[in-house]
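Biologist: I keep meeting words such as "buried" and "oblique" when people talk about protein models. Could you show me how such words are earned?

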Amino acid sequence: MTILDRYIARQYAINIAALLVILFSFVVVIDASINIDRFWKAAGRAGDEPVGFVRQSTLTVLYIVDLWWPRLLQLFNLMLGVVLVGAMGFTCTQMVRHRETVAILASGQSLRRVARPILAVSVAMIALAQINQEAVLPRIAELLTRTHADIGQRDLSAGSIPLATDNRGRRVYARTFDAARGELEDFLFIERDELGVGTRHVAGELAVWDGDAWTVEGARIEPLDGSAPAQADARVRIETDLDPTALTVIQYAGFSQNLSWAQIGRLLEQTRGGDEAVRQKLQRHRYGRVSLAIANVLTLIVAMPFFLTRMPGQTVAGALKGAPVAVAAIVGSTLGATAPVPGVPPLVSVFVPVLVLAPLAVAVAINPKT
C-alpha cells in the first residue's frame with residue numbers, strides 16, 4: 001500500500017469512526033432523556049435497603065450502559081451502510097475542497113486511485129460487521145430482546161406464546177414462556193389429523209424442557225374423538241421441534257436476526273415441516289445478511305461519482321444528487337432483504353436489490369469521469 005493509499009484509507013477510517021461515535025451518542029442520549037424516569041426508578045428499586053442519591057445516580061448510569069452496550073453492537077451492523085456512504089461523502093468532499101483530487105489528476109493518475117482504498121476499507125468494515133454478526137451478537141442475543149421494562153435484568157423476560165405449529169402439525173399455546181428456564185406455564189398442545197381436525201388436547205400447568213422434549217407432571221389428556229376417557233395427573237413427554245430457541249424466535253420477532261448462520265441452519269432443520277411462515281422468516285434473515293453486505297458495497301460504488309468530482313465547484317450539486325440516490329439504495333436494499341415477496345422464495349427475493357444495483361455499479365465503475 002502506497003503513501004496515497006494509506007492517507008486516503010486513514011482519512012476514511014477516521015470519518016467512519018467519527019460518524020459512529022456521533023450516531024451512537026445521539027441515539028443513547030435521546031433514549032436516556034426520554035426514559036430517564038424509568039432508569040431512575042429501576043435504580044431506586046435495586047436492593048432491599050433504601051438507595052441514596054449518589055448510589056441511585058451511579059446505578060442509573062450503569063443501567064443505561066447495561067441496556068445500550070449490546071444494542072450499539074447491533075446498531076453497528078444495522079447502520080453500517082449509511083455510515084460507509086456518509087463517511088465516503090465527507091472524505092471525498094474534503095479531498096475535492098482541498099484540491100487534493102486536482103493534484104492526483106495532475107500527476108497522471110485516475111480517480112479510480114482514490115476509490116481503491118475507500119473500497120478496501122469498506123470491505124474490511126463489512127467483514128468486521130459479519131464477524132460481529134456471527135461471533136458476538138449470538139452470545140448476547142438474549143440481552144438484545146430486553147425492553148425498558150426489563151432494565152437491570154440479564155435474561156429474556158417471560159411472555160406468552162401465540163399459537164404455533166410444530167413439524168408434526170400440532171398447535172401449541174402457552175400463557176407464559178420463560179426462555180431462561182426453559183419452562184411453559186398453562187400450556188396447551190392440540191394434536192391434529194391430516195385434515196387439521198383436533199384429535200387430542202394435552203394441557204398442564206408446567207412443562208420443562210429436558211434437552212430433547214417437554215416433560216410434564218400432572219398433565220390433563222382429553223381425546224376429542226371420544227375414543228378414550230380423559231386422563232388427569234398423567235406424566236407426559238412431548239417430543240417436538242419447538243424447543244426453547246424456536247419458541248423464542250416466535251415470541252421475539254427480532255431474535256433470529258441475532259443468531260449466527262449455523263444457529264439459523266439448525267433451526268431450519270428443526271422446523272422442517274413446521275410453520276412455513278417461521279421458516280421463511282429464518283431464511284430471509286439468513287440470506288438477507290449476505291445480500292445486505294453485497295448491496296452496501298454496490299451502493300458505495302453507485303454513490304461515489306456524485307461526491308468524487310474533478311472540480312471543487314461541483315461538490316454541493318453532486319452531494320444534493322448523490323444523497324437521495326444513496327438513501328434510496330440503502331432503504332431499498334434493507335426492505336428487499338427483509339420484506340417477504342408473495343410467490344417468490346426467500347432465497348431469491350432477498351437478492352433482488354443486488355440484481356438491481358449490480359448493473360448500475362458496473363456502469364459507474366467502467367465509465368468514471370477522470
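Modeller: Let us go through some of those words together, setting values against cut-offs.

Biologist: Before we start, what kind of model is this?

Modeller: This is a predicted model. The chain has 370 residues, of which 45% are buried, and it holds 12 helices and six strands.

Biologist: What makes α2 oblique to α3?

Modeller: The axes of helix α2 (residues 36-44) and helix α3 (residues 53-97) come within 8 Å and cross at roughly 120 degrees. Roughly perpendicular covers 65 to 115 degrees, and roughly antiparallel needs an angle over 145. An angle of roughly 120 degrees fits neither class, so α2 is called oblique to α3. The crossing of these two helices is also right-handed.

Biologist: Which residues of α2 and α3 meet there?

Modeller: On the α2 side they are Ile36, Phe39, Trp40, Ala42, Ala43 and Gly44. Their partners in α3 are Phe53, Gln56, Ser57, Leu59, Thr60, Tyr63, Ile64 and Leu67. By class, that contact has 10 nonpolar residues, four polar and no charged.

Biologist: Why are α3 and α5 called roughly antiparallel?

Modeller: Their axes come within 10 Å and cross at roughly 170 degrees. Angles over 145 degrees count as roughly antiparallel, so the name fits α3 and α5. In this contact, α3 brings residues including Leu73, Phe76, Leu80 and Met88, while α5 brings residues including Val114, Ile118, Met125 and Val136. The contact of α3 with α5 divides into 14 nonpolar, four polar and no charged residues.

Biologist: Let us turn to charges. How do you know that aspartate 5 forms a salt bridge with arginine 116?

Modeller: Here is the background: side chains of opposite charge can pair when their charged atoms come close. For aspartate 5 and arginine 116, the closest N and O atoms are 3.2 Å apart. The cut-off is within 4 Å, so the pair counts as a salt bridge. The structure holds 11 salt bridges.

Biologist: What does the pair of aspartate 5 and arginine 116 tie together?

Modeller: Aspartate 5 lies in helix α1 (residues 3-34) and arginine 116 in helix α5 (residues 112-136), so the pair ties together parts that are 111 residues apart in sequence. Asp5 and Arg116 also belong to a network of salt bridges with Arg113.

Biologist: Why is aspartate 5 called buried, and what is arginine 116 called?

Modeller: Buried means under 20% relative accessible area, and aspartate 5 has 6%, so aspartate 5 is buried. Arginine 116, at 47%, falls between 20% and 50%, so arginine 116 counts as partly exposed.

Biologist: What makes arginine 235 and glutamate 217 a salt bridge?

Modeller: Their closest N and O atoms are 2.7 Å apart, and within 4 Å is what the name requires. Arginine 235 sits in strand β6 (residues 231-238) and glutamate 217 in strand β5 (residues 214-223), so this pair ties together parts that are 18 residues apart in sequence.

Biologist: Are those two buried or exposed?

Modeller: Exposed means over 50%, so arginine 235, with a relative accessible area of 60%, is exposed. Glutamate 217 has 58%, so glutamate 217 is exposed as well.

Biologist: How do you know that glutamate 239 and arginine 237 meet in a salt bridge?

Modeller: Their N to O distance is 3.0 Å, which passes the cut-off of within 4 Å. Glutamate 239 has a relative accessible area of 40% and is partly exposed. Arginine 237, with 41%, is partly exposed too.

Biologist: What can you tell me about the phi of arginine 99?

Modeller: Phi of arginine 99 is near 65 degrees, a positive value in a residue other than glycine. Arginine 99 is found in the loop between α3 and α4. Its relative accessible area is 48%, so arginine 99 is partly exposed.

Biologist: And what is the phi of aspartate 186?

Modeller: For aspartate 186, phi is near 50 degrees, a positive value in a residue other than glycine. Aspartate 186 lies in strand β3 (residues 183-192). With a relative accessible area of 33%, aspartate 186 is partly exposed.

Key
Residues are numbered from 1 along each chain as its sequence is written. This is a predicted model: local features need pLDDT of at least 70, side-chain atom pairs count only at pLDDT 80 or more; totals for chains, interfaces and linings use all residues. Side-chain values use heavy atoms; hydrogens and water are left out. Axes are lines fitted to C-alpha atoms, for helices over the stretch in contact, and angles run from 0 to 180 degrees between N-to-C directions. Helices (H or I, at least four residues) and strands (E, at least two) are DSSP runs, numbered from the N terminus. Angles under 35 degrees count as roughly parallel, over 145 as roughly antiparallel, 65 to 115 as roughly perpendicular and the rest as oblique. A crossing is left-handed if the near helix is turned anticlockwise from the far one by less than a right angle, and right-handed if clockwise. Contact means heavy atoms within 4.5 Å. Ala, Val, Leu, Ile, Met, Phe, Trp, Tyr, Cys and Pro count as nonpolar, Asp, Glu, Lys and Arg as charged, and the others, Gly among them, as polar. A salt bridge is a side-chain nitrogen of Lys or Arg within 4 Å of a carboxyl oxygen of Asp or Glu. Buried means under 20% relative accessible area, exposed over 50%, partly exposed in between (1.4 Å probe, protein chains only).
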